[in-house]
Amino acid sequence: GRVLLRSGQTAQAEQAFQQALASDPAFAPSLEALGTLQRSNGDLDGALETFAQAAAADKTSAEPLYLAAQTRLMQGNQQAAVELLEDALERDLTHAAANNDLAWILASSTQQLDQALELAKQAVRFQAGAETLDTLGYVYLQRGQISQANETLGKALDNYPNSASLAYRLGLARAAAGDSDGARTAFQRALNQPDFPEAEAARAQLASLQGS
């Protein structure tokens, strides 16, 4: 099923996963894969049900709870996502993605920034990369730790140089540090990329700097 999925043969992959589950209805990896397929096909409620089955089948794994949290975010239910991420971390404190996503949510709402920082640091500790460094830099930015934000977001952008969103956040950090030239460069770098969620905000920030 996984080989078929990687080759883009989703219908055949789903059939293979269903055959695996016919042999063992509580085989969590196949339930997780099937739920992911359901989610990609737009069946979010079905995916949540399947992830719940996977979580019940393997009570030691954080992965199905994390996948369910992602699905809840797709539905716009942030509170349910937070609860699932917390449950995932109760099962496995080393789950980097759960640490990362919970840190981002807390930082975005400027709530529990001390906890967000610890979670973001743990995410980097367990899986250092552009995504986790981005989150850690964002948490630093939200906490007003501007020097650390600039350093961490710079490292993140080095790891993922084509990320417009990362360049935008680095621009915010440079602007907060009083580095207007560096901020302009970062915002322009972001806007040179295809459209991205913060594009309008980046244009506004750049216009503000150019008018100052």
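Modeller: Let's start with a term: a pocket is an open set of grid points where a 1.4 Å probe fits, with protein on both sides within 12 Å along at least five of seven lines. We will apply it to this model, which is a predicted one.

Colleague: Before the pocket, how many helices and strands are there in the protein?

Modeller: The protein has 13 helices and zero strands. Its pattern along the sequence is accordingly written α-α-α-α-α-α-α-α-α-α-α-α-α. The C-alpha trace spans about 65 × 35 × 25 Å along the principal axes.

Colleague: Now the empty space. How much space lies in the largest pocket?

Modeller: The general idea is that a probe the size of a water molecule, rolled over the atoms, shows where empty space is left. Here, the largest pocket holds about 240 Å³ of space. Its lining is made of 13 residues, and those closest to the centre are Asn100, Trp104, Glu131, Asp134 and Thr135.

Colleague: Which elements give two or more residues to that lining?

Modeller: Three helices do: H7 (96–108), H9 (130–143) and H11 (164–176).

Colleague: And what does the lining of the largest pocket have by class?

Modeller: Six of its residues are nonpolar, three are polar and four are charged.

Colleague: H9 is one of those helices. At what angle do H8 and H9 pack?

Modeller: In general, two packed helices are described by the angle between their axes and by the distance between the axes. For H8 (residues 113–126) and H9, the angle is about 160° and the axes are 9 Å apart. Angles over 145 degrees count as roughly antiparallel, so H8 is roughly antiparallel to H9. H8 passes H9 in a left-handed crossing. On the H8 side, the contact includes Leu113, Leu117, Ala120 and Val124, which meet a set in H9 including Leu133, Leu136, Val139 and Tyr140. By class, this contact has ten nonpolar, three polar and three charged residues.

Colleague: Let me try H3 and H4. How far apart are their axes?

Modeller: The axes of H3 (residues 28–40) and H4 (residues 44–57) are 8 Å apart, and the packing angle is about 170°. These two helices are therefore roughly antiparallel to each other. Their crossing is left-handed.

Colleague: Which residues in H3 meet which in H4?

Modeller: Among those in H3 are Ala28, Leu31, Gly35 and Arg39, and among their partners in H4 are Leu44, Ala47, Phe51 and Ala54. The class count for this contact is eight nonpolar, six polar and two charged residues.

Colleague: One last pair: where H6 and H7 cross, what is the angle?

Modeller: H6 (residues 78–91) and H7 cross at roughly 145°, and their axes come within 10 Å. H6 passes H7 in a left-handed crossing. Gln78, Val82, Leu85, Glu86, Ala88 and Leu89 in H6 meet Ala98, Asn99, Asp101, Leu102 and Ile105 in H7. By class, that gives seven nonpolar, two polar and two charged residues.

Methods:
Residues are numbered from 1 along each chain as its sequence is written. This is a predicted model: local features need pLDDT of at least 70, side-chain atom pairs count only at pLDDT 80 or more; totals for chains, interfaces and linings use all residues. Side-chain values use heavy atoms; hydrogens and water are left out. On a 1 Å grid over the protein atoms alone, a cavity is a set of points where a 1.4 Å probe fits but cannot get out, and a pocket is an open set with protein on both sides within 12 Å along at least five of seven lines; lining residues have an atom within 4 Å of a point. Grid points are joined across faces, edges and corners, and a volume is the space filled by probe spheres set on the points. Helices (H or I, at least four residues) and strands (E, at least two) are DSSP runs, numbered from the N terminus. Ala, Val, Leu, Ile, Met, Phe, Trp, Tyr, Cys and Pro count as nonpolar, Asp, Glu, Lys and Arg as charged, and the others, Gly among them, as polar. Axes are lines fitted to C-alpha atoms, for helices over the stretch in contact, and angles run from 0 to 180 degrees between N-to-C directions. Angles under 35 degrees count as roughly parallel, over 145 as roughly antiparallel, 65 to 115 as roughly perpendicular and the rest as oblique. A crossing is left-handed if the near helix is turned anticlockwise from the far one by less than a right angle, and right-handed if clockwise. Contact means heavy atoms within 4.5 Å.
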